[in-house]
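Let's take a walk through this structure together, starting with the overall layout and then stopping at a few individual residues. Have a look at it before reading on.

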Amino acid sequence: MVIFPIIVVISAVLYIYYKVAILKSKDGLTQAYFNAKARICLGTFMLFFGVNAYVNFQDRLSLFVAIVFFIFGIMQIGAGYKRAKHYRKEWQRLNA
């Protein structure tokens with residue numbers, strides 16, 4: 001399956017992009033919003049990295065690693081989504 005490594009690479013690049021955007025920004029609200037978006041990208045990276053590890057190797061150790069990465073990825077995505085949803089309207093109002 002070639003789709004999982006592509007998603008892993010794209011989410012890692014987006015994570016780095018948002019972290020660099022945080023460093024460039026001076027506004028605290030923009031930093032918090034970009035940090036929430038970076039958490040979503042990190043969670044996506046972890047989720048699909050775990051799935052890809054299990055799909056490629058399919059042994060017991062990779063199953064445990066995949067479960068851990070899957071759980072932490074879901075937690076990161078959920079927390080990032082809640083924070084991004086919270087900051088989105090204020091950030092759009094500030095930049096409109």
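How many helices and how many strands does the secondary structure of the chain come to? The count is 3 helices and 0 strands, where helices (H or I, at least four residues) and strands (E, at least two) are DSSP runs, numbered from the N terminus. Following the sequence from its start, you meet the pattern α-α-α. Before we go further, a word on what you're looking at: this is a predicted model, in which local features need pLDDT of at least 70 and side-chain atom pairs count only at pLDDT 80 or more, while totals for chains, interfaces and linings use all residues. Residues are numbered from 1 along each chain as its sequence is written, and side-chain values use heavy atoms, with hydrogens and water left out.

How far can you trust the picture? The chain averages a pLDDT of 93, and 100% of the residues score at least 70; pLDDT is the predictor's confidence in each residue, from 0 to 100. Helix α1 (residues 3-24) has the highest confidence, at 96, and helix α3 (residues 60-95) the lowest, at a mean of 93.

Now for the overall dimensions. Along its principal axes, the C-alpha trace spans about 50 × 20 × 20 Å. The chain exposes about 6,600 Å², and 69% of that is supplied by carbon and sulfur atoms; these accessible areas come from the Shrake-Rupley method with a 1.4 Å probe, and for residues only the protein chains shown count as cover. Of the 96 residues, 27% count as buried. Buried means under 20% relative accessible area, exposed means over 50%, and partly exposed is in between (1.4 Å probe, protein chains only). Contacts, meaning heavy atoms within 4.5 Å, often link distant parts of the sequence: of those with a separation of 6 or more, 70% are between residues 24 or more positions apart.

Let's head inside. Which residues make up the largest nonpolar core? There are 10 of them: Y18, A21, I22, Y33, F34, A36, A38, C41, A84 and W91. Helices α1, α2 and α3 each give two or more residues to this core, and α2 provides the largest share, with 5 residues. A nonpolar core here is a set of buried Ala, Val, Leu, Ile, Met, Phe, Trp, Tyr and Cys residues joined through side-chain atoms within 4.5 Å. In soluble globular proteins, nonpolar side chains tend to be buried together. One of the core residues, A36, is in contact with G80, R83 and A84, leaving aside its neighbours within four places in sequence.

Aromatic rings are worth a stop too. The whole structure holds 8 aromatic pairs. One of them joins Y33 and F34, a tilted pair with 6.2 Å from centre to centre and 35 degrees between the planes. For these pairs, rings of Phe, Tyr and Trp (its six-membered ring) have centres within 6.5 Å; planes under 30 degrees apart count as stacked, over 60 as edge-to-face and the rest as tilted. Y33 counts as buried because its relative accessibility is 5%, and F34 is buried too, with a relative accessible area of 15%. Ring pairs also link Y17, Y18, Y33, F34 and W91 into a cluster.

Elsewhere in helix α2 you'll find F45. Buried or partly exposed? F45 has 25% relative accessibility, so F45 counts as partly exposed. Beyond its neighbours within four places in sequence, F45 is in contact with V8, S11 and A12.

Next come the loops. S25 sits between α1 and α2 (28-57) and is buried, at 13% relative accessible area. Its side chain reaches the backbone nitrogen of D27 at 3.3 Å, and S25 touches T30 and Q31, not counting residues up to four places away. Q58 lies in the loop between α2 and α3, and Q58 is exposed, with a relative accessible area of 55%. Its phi is near 50 degrees, a positive value in a residue other than glycine. Most residues other than glycine have a negative phi.

Our last stop is S62, in helix α3. S62 is buried, with a relative accessible area of 7%. The side chains of S62 and D59 are joined by a polar contact of 2.6 Å, that is, a pair of N or O atoms within 3.5 Å; within protein, one must be able to donate a hydrogen and the other to accept it, and residues adjacent in sequence count only if both atoms are side-chain atoms.
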